[in-house]
Amino acid sequence: SGSTDCICYTTVGISDPVTSALHIIVGDCQPLDVSSVHHNNTFLKYSVSLLGYGFYGDILKDSEKKRWMGPMRYDYSGFKTFLSHHYYEGTISFQPAKHTSGSPRDKDSCRTGCYICKKSEQQLAEQHKACGLKHEEDEEEWKVIKGKFLAINAVNMSCACPRSPKGLSPAAHLADGSADLILVRKCSRFDFLRYLVRHTNQDDQFDFSFVDVYRVKSFQFTSKLSEDNESNVTDIGKKRFGQFCRDHPACCCNIANSTWNCDGETLDSSAIEVRVHCQLMKLFARGIEENCKDEAAYSQNSVEELL
């Protein structure tokens, strides 16, 4: 269920109630990675598909005020958010998922009985057994990126849907114990539009100088505003002026914070910590099978040739 049915499209390949009912009857089982979201060591929510800050967070926040419009509100809020072109400054820290066999830039899509998911699960279990989970998290190197971002997206799956057949990250895997972290840096409206259009066709959506993608097992984000507050800024006038700008975003100042879009629900805390839990949940599904249409067409051609 949901506005895009992305979980159903990513785990079954089609949004059809009868197909899903048959998977339940047969008892098909598909493990899923789940991300836990924390703020100041306090658990907030779980995320299965998308965590989006900036563009997708702003769309959700604006669309919640226009529920009376129905599904059309997403198109309206999306167009409005695109025109506003807000960027957000902050710091991303992440741990690369070194246990995974694949890469966000490869062409290996997650399919039924995925070899990469099985191998990644085994390698992650071996790492935990060898050095212990706590020791590994303490010792493994974190990478830090600072910048101005139009969008920060973390996906546990491709997030494919009818409007975006390949999803936000076509090579993301359902059960490899990692998430694909997509950073879209500040760029022109035209370049950002080119990036968005890539989601609707077969072109490489990461083939831009302002887009970076990493396969991670955990990450943290802190906005510039949070960093300034932690630095004990005592200028009361600046604080009041900053509050005025946040309450009246129509002024010339850029909005300091966005909202996190957590599987279609808003998270008001901009500073969050995210950890990916390998195969934490199981779903009545089989994963997407190989394209049966091509096989059917090939078989039909073979029969016609024989006749």
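Of the 307 residues in the protein chain, 43% are buried, and I should say at once that what we are looking at is a predicted model. The chain is built with 10 helices and 10 strands, and among its contacts with a separation of 6 or more, 80% join residues that are 24 or more positions apart.

Before going into detail, let me turn to confidence. The mean pLDDT of the protein chain is 83, with 81% of the residues reaching 70 or more. Confidence is highest in strand β6, residues 179–185, at a mean of 97, and lowest in helix α10, residues 292–306, where the mean is 41. There is also a stretch, residues 232–253, over which the pLDDT is below 50, and beyond near neighbours in sequence this stretch has 8 contacts in the model. Residues 292–307 likewise stay under 50, and for them the model has 1 contact beyond four places in sequence. Where pLDDT is low, the predicted coordinates should not be read in detail.

With that caution stated, let me move to helix α3. This helix is mostly covered, since 8 of its 9 residues are buried, and those buried residues are Phe55, Tyr56, Gly57, Asp58, Ile59, Leu60, Asp62 and Ser63.

That brings me to the aromatic rings, for which the count comes to 12 pairs. One of these pairs is Tyr53 with Phe221, which is tilted, with 4.7 Å from centre to centre and 50° between the planes. Tyr53 sits in strand β3, residues 50–54, while Phe221 sits in strand β7, residues 211–223, so this pair ties together parts of the chain that are 168 residues apart in sequence. Both Tyr53 and Phe221 are buried.

How are the rings of Phe55 and Tyr56 arranged with respect to each other? Their centres are 5.3 Å apart and their planes stand at 80°, and because an angle over 60 degrees counts as edge-to-face, that is the name this pair receives. Phe55 and Tyr56 are both buried, and they belong to one aromatic cluster together with Phe82, Phe192, Tyr195, Phe208 and Phe210.

Some of these residues come up again when we look at the empty spaces, beginning with the enclosed one. The structure holds 1 cavity of 30 Å³ or more, and the volume of the largest cavity is about 70 Å³. Its lining is made by Gly54, Phe55, Asp58, Thr81, Phe82, Ser84, His85, His86, Leu150 and Phe192. Helices α3 and α4 each supply at least two residues of that lining, and the largest share, 3 residues, comes from α4. Sorted by class, the lining of this cavity has 4 nonpolar, 5 polar and 1 charged residues.

Now for the open space. The largest pocket contains about 1500 Å³, and of the 38 residues that line this pocket, Ser3, Thr4, Tyr56, Tyr74 and Cys161 are the closest to its centre. Which helices each supply at least two residues of the pocket lining? They are α1 (6–11), α3 (55–63), α4 (72–84) and α7 (189–197), and here too α4 gives the largest share, with 6 residues. By class, the lining of the largest pocket has 19 nonpolar, 12 polar and 7 charged residues.

I would like to finish with two lysines, which we can take one after the other. Lys146 lies in strand β5, residues 143–155. Is Lys146 buried or exposed? Its relative accessible area is 63%, and because anything over 50% counts as exposed, Lys146 is exposed. If we leave aside the neighbours within four places in sequence, Lys146 is in contact with Gly90, Thr91 and Arg185. Taking Gly90 from that list, we find that the C-alpha atoms of Lys146 and Gly90 are separated by 5.9 Å, although these two residues are 56 residues apart along the chain.

The second lysine, Lys98, has its place in the loop between β4 (88–96) and α5 (115–131). Lys98 is exposed as well, with a relative accessible area of 59%. The C-alpha atoms of Lys98 and Ser120, which are 22 residues apart along the chain, are separated by 9.2 Å.

Technical notes
Residues are numbered from 1 along each chain as its sequence is written. This is a predicted model: local features need pLDDT of at least 70, side-chain atom pairs count only at pLDDT 80 or more; totals for chains, interfaces and linings use all residues. Side-chain values use heavy atoms; hydrogens and water are left out. Helices (H or I, at least four residues) and strands (E, at least two) are DSSP runs, numbered from the N terminus. Buried means under 20% relative accessible area, exposed over 50%, partly exposed in between (1.4 Å probe, protein chains only). Contact means heavy atoms within 4.5 Å. On a 1 Å grid over the protein atoms alone, a cavity is a set of points where a 1.4 Å probe fits but cannot get out, and a pocket is an open set with protein on both sides within 12 Å along at least five of seven lines; lining residues have an atom within 4 Å of a point. Grid points are joined across faces, edges and corners, and a volume is the space filled by probe spheres set on the points. Ala, Val, Leu, Ile, Met, Phe, Trp, Tyr, Cys and Pro count as nonpolar, Asp, Glu, Lys and Arg as charged, and the others, Gly among them, as polar. Rings of Phe, Tyr and Trp (its six-membered ring) pair if their centres lie within 6.5 Å; planes under 30 degrees apart count as stacked, over 60 as edge-to-face and the rest as tilted. pLDDT is the predictor's confidence in each residue, from 0 to 100.
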